Amino acid sequence: MAYKRLIHIILLFFCSAILYGQVRITSSPDEQQITTRILFIFDCSNSMNARWQSDSRINIAKRILMDVVDSLEGTPNLEMALRVFGHQSPYPPIDCKDSKLEIPFAKNNGRRIVNKIRGLVPRGGTPIAYSLEQAAEDFPHCSNCRNIIILITDGIEECAGDPCAASDFLQRRGIALKPFVIGIGQDFSEAFSCVGRYFDASQESEFHQAFNVVISQALESTTAQVNLFDINGSAGETNVNMTFSDYFSGQTKYNYVHAMNLRGFSDTITLDPLVTYRMTVHTIPPVIIDSITLIAGRHNIISADAPQGQLRLIMSPGSTSAQARNTPCIVRKHGESETIHIQNLNFTERYLVGNYDIEILSMPRIHISNVGVDQSTVTTVEIPRPGIAVIQKTAEGHGSLYVEDHEGMRLIYNMNPAEKIETLSLQPGNYRVVLRSRFIHRAGATMDRTFIIESGKTTTVRL
């Protein structure tokens, strides 16, 4: 029939689009073999016997669903399953557990599904929430699958269940993407808008159109580009990883290192249009955009403010590379206590435009407050080259090293009681070492020495 030929054409077009997008965008063989699994949840309650324009609701729904299943048969990387509710127990009374997975997921099982649909007879009530809850067990574990639910119903929940909560559970657990719901006979959008993407089929002709759109969105690939804006509003920031995770389940879906194409525009990426995303742009600190939804079949634009400059932390000339490598620096946003990054000396890193506090883990520590990072510029922070203190003890003992400055005498290091010689890298300044031999048990035997460290020089302190 004409409708069946139309479905074939639509599927051929969109499956080609999927294959093209995967070959062009992805490099992992596993990603190229993602399996789409569609679970049809079909209403076979007593109300489906009602007349609906050219025929009964059940006959029209069965005919269209069988055509769709038949057209999908043989589609690469696609599996189907059928759950039916309201077909086992007569109404009244309502059997709120009248829901059954009639045909489980398998390859090339379209003929079995069609045969099962053909023999269905409407009998019972409408336990939608229970059916959605049971659907959680219908999807066998799969690490490389997209799980889609298409619910076809002519009524709303008749039992005490909450379809919205059931759908939310499926999404947050990562069991299935946001369901499609096709409402037959009248507009149920108010009841089902929280369940999934609702399509109204108040008229018979609208049922055909709704199924066309649902199948298209379930199978097609969707493109997007991410514009990362600098401080001037120009989409010029690039070369940073972007993680797209499922906003509900938190599962990571894609990682793309942002790139500019040869025309100077943000490069095109492929995303699943059925997922609501959280995008994390891994700048320092990260930029997070929540609740991103895509329009299926269109090129989507996603924007984020990510203006960046560079921060270079260096040690004065003459320092050895080992000295620089072994001196980590803590970077925090100005006025905040959370560490956002650890950066080594003699290294340049990109940060979002803003002001930062830096704590350099030299001995003693150096605190630099309110360092500005500006758009597309390099801010350089230079610390003095350290000196070397060689502390020689006549005997092992208990003691400490202090720096003396305008704040007074501050502890910076506890001596190793098992060592007679200790070599320490210290920033230029005034120091005091206090020590008592561990073999002498009198406080009056404490030794107290002051010394000065100069940049690049070695000072020997004898105790």
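Two strands pair if DSSP finds at least two bridges between them, where strands (E, at least two residues) and helices (H or I, at least four) are DSSP runs numbered from the N terminus. The model is predicted, so to speak plainly: local features need pLDDT of at least 70, side-chain atom pairs count only at pLDDT 80 or more, and totals for chains, interfaces and linings use all residues. Residues are numbered from 1 along each chain as its sequence is written, and side-chain values use heavy atoms, with hydrogens and water left out.

**Exercise 1.** Find which strands pair with S10 (residues 241-246), and in which sense.

*Solution.* Start with S11 (residues 252-257): 5 bridges join this strand to S10, and the two run antiparallel. Within that pairing, Met242 stands opposite Tyr256. Next, look at the link: S10 and S11 form a hairpin with 5 residues between them, and Gly250 in the turn has a positive phi of about 80°. Then turn to S13 (residues 277-281), which pairs with S10 in the antiparallel sense over 5 bridges. Here Phe244 stands opposite Met279.

**Exercise 2.** Decide why S10 counts as largely enclosed.

*Solution.* Buried means under 20% relative accessible area, exposed over 50%, partly exposed in between (1.4 Å probe, protein chains only). In S10, 5 of the 6 residues are buried, so the rest of the structure largely encloses this strand.

**Exercise 3.** Describe how helix H2 (residues 57-72) contributes to the largest nonpolar core.

*Solution.* First, the core (buried Ala, Val, Leu, Ile, Met, Phe, Trp, Tyr and Cys residues joined through side-chain atoms within 4.5 Å) has 77 residues, and Phe244 is one of those with the most contacts inside it. H2 supplies the largest share, 9 residues. Finally, check the cover: 13 of the 16 residues of H2 are buried.
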